[in-house]
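What follows is a walk through one protein model, from its sheet to its metal site and then to a buried side chain. Please keep the sequence and the coordinates at hand.

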Amino acid sequence: MSILIKGGTVVSATGAVAADVLVDGEAIAAVAAPGTLSVVDEVIDATGKYVLPGGIDVHTHMEMPFGGTFAADTFETGTVAAAFGGTTTIVDFAVQAKGTSLLGTLDKWHEKADGNCAIDYGFHMIVSDVNDTTLKEMDACIANGVTSFKMFMAYPGVFYATDGEILLAMQQAARNGSTIMMHAENGIAIDQLVAQAIGRGDTAPLYHGLTRPPELEGEATSRAIQLAKVTGAPLYIVHLSAAQALAAVTEARDAGQNVFAETCPQYLFLTLEDLARPEFEGAKYVCSPPLRPAEHGAALWRGLRTNDLSVVSTDHCPFCFKGQKELGIGDFAKIPNGMPGVEHRMDLLHQGVLRGEITVTRWVEIASTTPARMFGLYPRKGVIAAGSDADIVIYDPAAIQTLSAATHHMNVDYSAYEGWEITGRVDVTLSRGRVVVSGGVLHGSPGHGKFLPRDLNQYLV
Ligand code: DUC
Ligand code: ZN
Ligand code: ZN
């Protein structure tokens, strides 16, 4: 099956040009001057539209066990929602429970995902139990295509790792070339602030934000950077939300250290004021790190322009308001942490393009090309070029849409962006040469998506 995408503007991390794209089977066969390609089974007219490499969301939590419940999107519903929003690859987190092995965890996550994904997917590994066996198993994970390991400086008693454990895992990463991903918040100090707030009777969702101050993200980020420096491990700070944390990353990068960071749309578009919404509505906005006052968002946009922030992912971790977020009525510490977002990342970042925060090429770079390179998927993913997988999004930059739980495809009963009228919409999503979404209709199916064994971080020399 061959498809010609004609008349569009092909956008890459380095430029935007009028070009036609020929897809043959699962791969891109050619990118050529308009009107120069022919002989195909199907033609898609992309006149007036962007032709983008499919979005790559390197931070999702489908079916994640958290706070006594599970993230509401399965690999099936979450990857279908991703496809509607122009994301054609996710990298999700396998979660090691304490006392279990990394390889057993990986098997478990394959059981959840294999045969159920509508788009291609890979895994990172969350390491919550550092010991001699798991340190050795990190090497085996790499051999199985899992080349990045997330650790937590937050959530004592659950995922938390001590500085000593982090140091050991980083030493192993320095030896085997993998990347340590860090949730950088000082969980020990935060837990004291949380207990004090609950003790005072300050139990509303807003206190989730007020007990996780930006200074404690900045401090943890600096500490992670120093540990990475001592060990020589590459470090990737996940879901960076605070200006203090960005300053620490910027300093390390300026000094030439292999430190990278991502942020997420919720930190660019939402603020602490959302956590203060009345009637427990603020619970919809509980995630960690928390939403911040607006000035942090301005710093994050600047960081995206200067490349101190290299990637935008979603940290998609949806919990329904009814029955899940409600677990925390009367105690914000019991609200499951996480927000839905996998469907809206490309659209929200496009608002950044329209507002002049980033260029159209930077949009593609932070949402597709850099994630592919950072997590060892390039050039199979992240670029429209001959030989790459035909993961392609045809994007109408002038369409108007209204975001709403009534119309989104994520398996969650609210939208964090309910009623937002935005400009731009996915017209067609192709995954490995197959049209999976077109004109708002699903044509793909769970089981189409393949597991992606990944190489090491391609930014390392
Ligand atoms: N943060 C969240 O908000 N949810 C899941 C895990 C995390 O680190
Ligand atoms: Zn995290
Ligand atoms: Zn996360």
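Two strands are taken as paired here if DSSP finds at least two bridges between them. With that rule, the predicted model shows an open sheet of eight strands, in the order β8-β11-β12-β13-β14-β15-β16-β17 and with parallel pairing. The edges are held by β8 and β17; each has a single partner strand, so one side of each is left without a neighbour in the sheet. In general, the strands of a sheet pair through backbone hydrogen bonds, either parallel or antiparallel.

One pairing inside this order can be followed residue by residue. Strand β12, residues 120-126, runs parallel to strand β13, residues 148-152, and two bridges join them. Within this pair, M125 of β12 stands opposite F149 in β13.

Helices lie across the strands. Helix α2, residues 102-113, lies across β11 (87-95) and β12, and runs at about 150 degrees to β12. Helix α12 lies across β8, β11 and β17, and its direction is at about 110 degrees to β8.

Next comes the metal site. Which protein residues are the donors of the zinc ion (ligand 3)? They are H59 and H61, each through NE2, and D315 through OD, lying 2.0 to 2.2 Å from the ion. Their spacing in sequence is H-x1-H-x253-D. The pair H61 and D315 links distant parts of the chain, 254 residues apart: H61 sits in the loop between β8 (55-60) and β9 (65-66), while D315 sits in the loop between β17 (311-312) and α12 (345-354). A second zinc ion, ligand 2, is 3.7 Å from ligand 3.

Are these two donors buried or exposed? The cut-off for buried is under 20% relative accessible area. H61 has a relative accessible area of 3% and is therefore buried. D315 has 7%, so D315 is buried as well.

The last stop is Y417, whose place is in the loop between β18 (392-402) and β19 (421-431). Y417 counts as buried because its relative accessibility is 3%. Leaving aside neighbours within four places in sequence, the residues in contact with Y417 are P265, Q266, F269, L270, H344, L348 and L403. The C-alpha atom of Y417 is separated by 9.4 Å from that of G341, a residue 76 positions away along the chain.

Notes: Residues are numbered from 1 along each chain as its sequence is written. Chains are lettered from A and ligands numbered from 1 in the order in which they are written. This is a predicted model: local features need pLDDT of at least 70, side-chain atom pairs count only at pLDDT 80 or more; totals for chains, interfaces and linings use all residues. Side-chain values use heavy atoms; hydrogens and water are left out. Donors are N, O and S atoms within 2.8 Å of the metal (3.2 Å for Na, K and Ca); water is not among the atoms, so sites may look incomplete. Helices (H or I, at least four residues) and strands (E, at least two) are DSSP runs, numbered from the N terminus. Buried means under 20% relative accessible area, exposed over 50%, partly exposed in between (1.4 Å probe, protein chains only). Contact means heavy atoms within 4.5 Å. Axes are lines fitted to C-alpha atoms, for helices over the stretch in contact, and angles run from 0 to 180 degrees between N-to-C directions.
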